[in-house]
Amino acid sequence: ASVVASGATEFNIPMYPPVDWFSDPKLSGPTALTMTEDGRVFGHVAAWDVDHIGMPFGTRAPRSASGYAYFHTGVVRTAEGKDVNVGQLTLAGGHAPMHANAALAVKHYDDTSSAIADVHAGEDAFGIWVAGALRPTATPEQIRAFRASAPSGDWRSIRGNLEMVAVC
């Protein structure tokens, strides 16, 4: 499937992306969320040394005790026929309320129509990376909004640890 932007730019976003798109992108430094013309998505959604803008001063992204199990709630089938655990990058709806517990926050993000990309998350020396693919249904308007928007993670207390449950 492909997306055509105003007849000028063609995006060939695969229905079944290559499995290596979901692997650690081996970034050489803090990297902004990036989208290539073929729909590959990679970069950091949070850096270890940057304060989280929506939290009290000095609050930084926590490391996951679960390997991002509470973010990886979906599966994408790859071109090689392998299923990869993924979470979604969302464009619409904003963050769940701060007072919401983890279950309510996850429910807030369950609207799959707000998802624009399916990604696998991990950690490196610089922060929390994601790697994956745009959804083949992404419109030119969504792609523009995606490129112009900074990612914002949502962490909730689960079993005594802060865990990333979503990325807007």
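This passage walks through the fold, the charged side chains and a few backbone details of the protein shown above.

The model described here is predicted. The protein contains two helices and ten strands, and these follow one another along the sequence as β-β-β-β-β-β-α-β-β-α-β-β. Of the 168 residues, 42% are buried. The chain also brings remote stretches of sequence together: among contacts between residues at least 6 apart in sequence, 62% join residues at least 24 apart. The accessible surface amounts to about 8,800 Å², and carbon and sulfur atoms account for 54% of that area.

One pair of residues offers a handy illustration of sequence distance set against spatial distance. A125 sits in the loop between β7 (115-123) and β8 (127-134), and its C-alpha atom is 9.2 Å from that of L27, although 98 residues separate the two along the chain. A125 has a relative accessible area of 65% and is therefore classed as exposed, the cut-off being over 50%.

Charged side chains come next. Side chains of opposite charge can pair when their charged atoms come close. The whole structure holds six salt bridges, and three of them are described here. In one, R156 pairs with D154, with the closest N and O atoms 2.6 Å apart. Both partners fall under the 20% limit and so count as buried: R156 has a relative accessibility of 4%, and D154 has one of 5%.

Another salt bridge joins the side chains of R135 and D118, at 3.0 Å from N to O. This pair links distant parts of the chain, since R135 lies in the loop between β8 and α2 (140-148) while D118 belongs to strand β7, 17 residues away. D118 is buried, with a relative accessible area of 11%.

The third example involves K26 and D24, whose side chains meet at 3.8 Å, again from N to O. Here K26 is exposed, at 66% relative accessible area, whereas D24 is partly exposed, at 29%. K26 is part of the loop between β2 (9-11) and β3 (34-35). The backbone of K26 deserves a look as well, for this residue has a positive phi of about 55° although it is not a glycine.

R159 likewise is not a glycine and has a positive phi of about 55°. R159 is placed in the loop between β9 (153-158) and β10, and it counts as exposed at 77% relative accessibility.

R159 also enters the account of E163, a residue of strand β10 (residues 161-167). E163 is buried but has no salt bridge. Why does E163 have no salt bridge? The nearest side chain of opposite charge, that of R159, is 8.7 Å away, and a salt bridge needs a nitrogen within 4 Å of a carboxyl oxygen, so the pair does not qualify. Beyond its neighbours within four places in sequence, E163 is in contact with S64, A65, S66, Y70, D154, W155, R156 and I158. Two residues on that list, D154 and R156, are the partners of the buried salt bridge described above.

Aromatic residues complete the picture. A pair of aromatic rings is described by the distance of the centres and the angle of the planes. A search of the whole structure for aromatic pairs gives a count of zero. A ring does, however, meet a charged side chain: R63 lies over the face of W48, 4.1 Å from the ring centre.

Methods:
Residues numbered from 1 in each chain as written. Predicted model: local features only at pLDDT ≥ 70, side-chain atom pairs only at ≥ 80, totals over all residues. Heavy atoms only, no water. Helix = DSSP H or I, 4+ residues; strand = E, 2+ residues; numbered from the N terminus. Buried < 20%, exposed > 50% of the residue type's maximum accessible area, 1.4 Å probe, protein only. Contact = heavy atoms within 4.5 Å. Areas by Shrake-Rupley, 256 points an atom, 1.4 Å probe, with all protein chains shown as cover. Phe/Tyr/Trp six-rings, centres within 6.5 Å; stacked < 30°, edge-to-face > 60°. Lys NZ or Arg CZ within 6 Å of the ring centre and 35° of its normal. Lys, Arg positive; Asp, Glu negative; His and termini not counted.
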